[in-house]
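Open the model in your viewer and keep the sequence panel in view. We will walk through it one selection at a time.

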Amino acid sequence: MTEASGAGFSQSLERGLTILSEFAARGPVLGIADLSRAVGLNRSTTHRYVATMAKLGFLQQDPDTRKYSLGPKVADLGFAAIGSLELTGVAAGHLQTLSDETGCAASMAVLDGPDIVYVERRRSRRAAGLVVDLNLHVGSRLPAYCTSMGKVLLAHRDPVALRPLLDRMDLARRGPKTITVREQLVSALAKVRQAGIAVNDEELAPGLRSIAAPIRDREGHVVAAINVAVQLTTWTMSVESVVNRLERPLRRAADDISSQLGYRRSNS
């Protein structure tokens, strides 16, 4: 833990925030022993802090494993910060252009545990825009495994970090083509990582298709994903035709956003 002193400094608050920070640094699920070692406190003191934060909703405990994960209050704070993120500010105009060009709803999401969270969403200003109405908006959450943006984000996770995420997923059937077998999902994610895009063909809901691409920061890390989505009632063409029509503008938008965030593709 860091040393600090002076008027107005609260060591108790520092300790609580340090405990919360460990979930971002070390993993989504941690036990008292893990946290005690990480923050340099004995188990009894650590448990007192953790129990307080759990009571306030900043942490939540699994009744079976007795381990802790971040609670809904942390997500609420994250949503409040979304509007000020550099990421969304950079992406907004590019997503609007993508939506206007394709006539499809264009969205951006980030990974939060086994789910994706929508951080930006734009609809086409064209009169004949292809509306996909799933009541989605900034802050909406969907399971990552059955969404195109989720598959992009999972595909680019480190294998060590991906494994506990998959352990937390109930691969329930959401659409007629949902992947419900873990080995098949892992294989699909490997193909997404290689191709650089993910396609969702009625995996989330009947009649819904989407295609997604990654957004990278200046270090090349995948920090978000963007997609465009269509309804089969509007576009009756094959999956291949949908990809052929949407892939180029989608990749261009993703490249433009990533470039503005400082990412430079290696020439090697």
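Start by selecting D201 and K177 and showing their side chains: a polar contact of 2.9 Å joins the two. Keep in mind throughout that this is a predicted model. D201 sits in strand 6, which covers residues 198-201. Is D201 buried or exposed? Its relative accessible area is 14%, and residues under 20% count as buried, so D201 is buried. Now display what surrounds D201. Leaving out residues up to four places away in sequence, D201 touches K177, L208, R209 and V239.

Step along to E202, which lies in the loop between strand 6 and strand 7. E202 is buried too, with a relative accessible area of 14%. Look at the backbone here: phi of E202 is near 55°, a positive value in a residue that is not glycine. Most residues other than glycine have a negative phi, so a positive value is worth a look. For another example, select R66, whose phi is positive at about 70° although R66 is not a glycine. R66 is found in the loop between strand 1 (59-61) and strand 2 (68-70).

Zoom out for the whole chain and switch to a cartoon view. You should find nine helices and eight strands. Colour by burial if your viewer allows: of the 268 residues in the protein chain, 47% are buried. Among the contacts with a separation of 6 or more, 59% are between residues 24 or more positions apart.

Next, go to the inside. The largest nonpolar core has 30 residues. Select I116, M149, L154, M169 and L185, the residues with the most contacts inside this core. Which elements give two or more residues to it? They are strand 4 (115-122), helix 6 (148-155), helix 7 (159-167), helix 8 (182-195), strand 7 and strand 8 (222-231). Helix 6 gives the most, with five residues. Centre on M169 for a closer view: apart from its neighbours within four places in sequence, M169 is in contact with P114, A144, Y145 and L154. A second core, separate from this one, has 28 residues and includes V90, I226, A254 and I257.

Keep A254 selected, as A254 also belongs to the lining of the second largest pocket. To show the whole lining, select H156, G196, A213, P214, R216, R251, A254, D255, S258, S259, Y263 and R265. The volume of this pocket is about 250 Å³. Strand 7 (208-216) and helix 9 (239-260) are the elements that give two or more residues to the lining. Helix 9 gives the most, with five residues. Try colouring the lining by residue type: there are four nonpolar, four polar and four charged residues.

For the last stop, move to helix 1 (residues 11-26) and pick L17. L17 has 46% relative accessibility, so this residue counts as partly exposed. Then add Y49 and draw a distance between the C-alpha atoms of the pair. How far apart are the C-alpha atoms of L17 and Y49? They are separated by 9.9 Å, with the two positions 32 residues apart along the chain, counted as the step from one to the other.

Key. Residues numbered from 1 in each chain as written. Predicted model: local features only at pLDDT ≥ 70, side-chain atom pairs only at ≥ 80, totals over all residues. Heavy atoms only, no water. 1 Å grid on protein atoms, 1.4 Å probe; cavity = no way out; pocket = protein on both sides within 12 Å on 5 of 7 lines; lining within 4 Å. Points joined across faces, edges and corners; volume = space filled by probe spheres on them. Helix = DSSP H or I, 4+ residues; strand = E, 2+ residues; numbered from the N terminus. Nonpolar A, V, L, I, M, F, W, Y, C, P; charged D, E, K, R; others polar. Core = buried A, V, L, I, M, F, W, Y, C linked by side-chain atoms within 4.5 Å. Buried < 20%, exposed > 50% of the residue type's maximum accessible area, 1.4 Å probe, protein only. Contact = heavy atoms within 4.5 Å. Polar contact = N/O pair within 3.5 Å; in protein donor to acceptor, adjacent residues only side chain to side chain.
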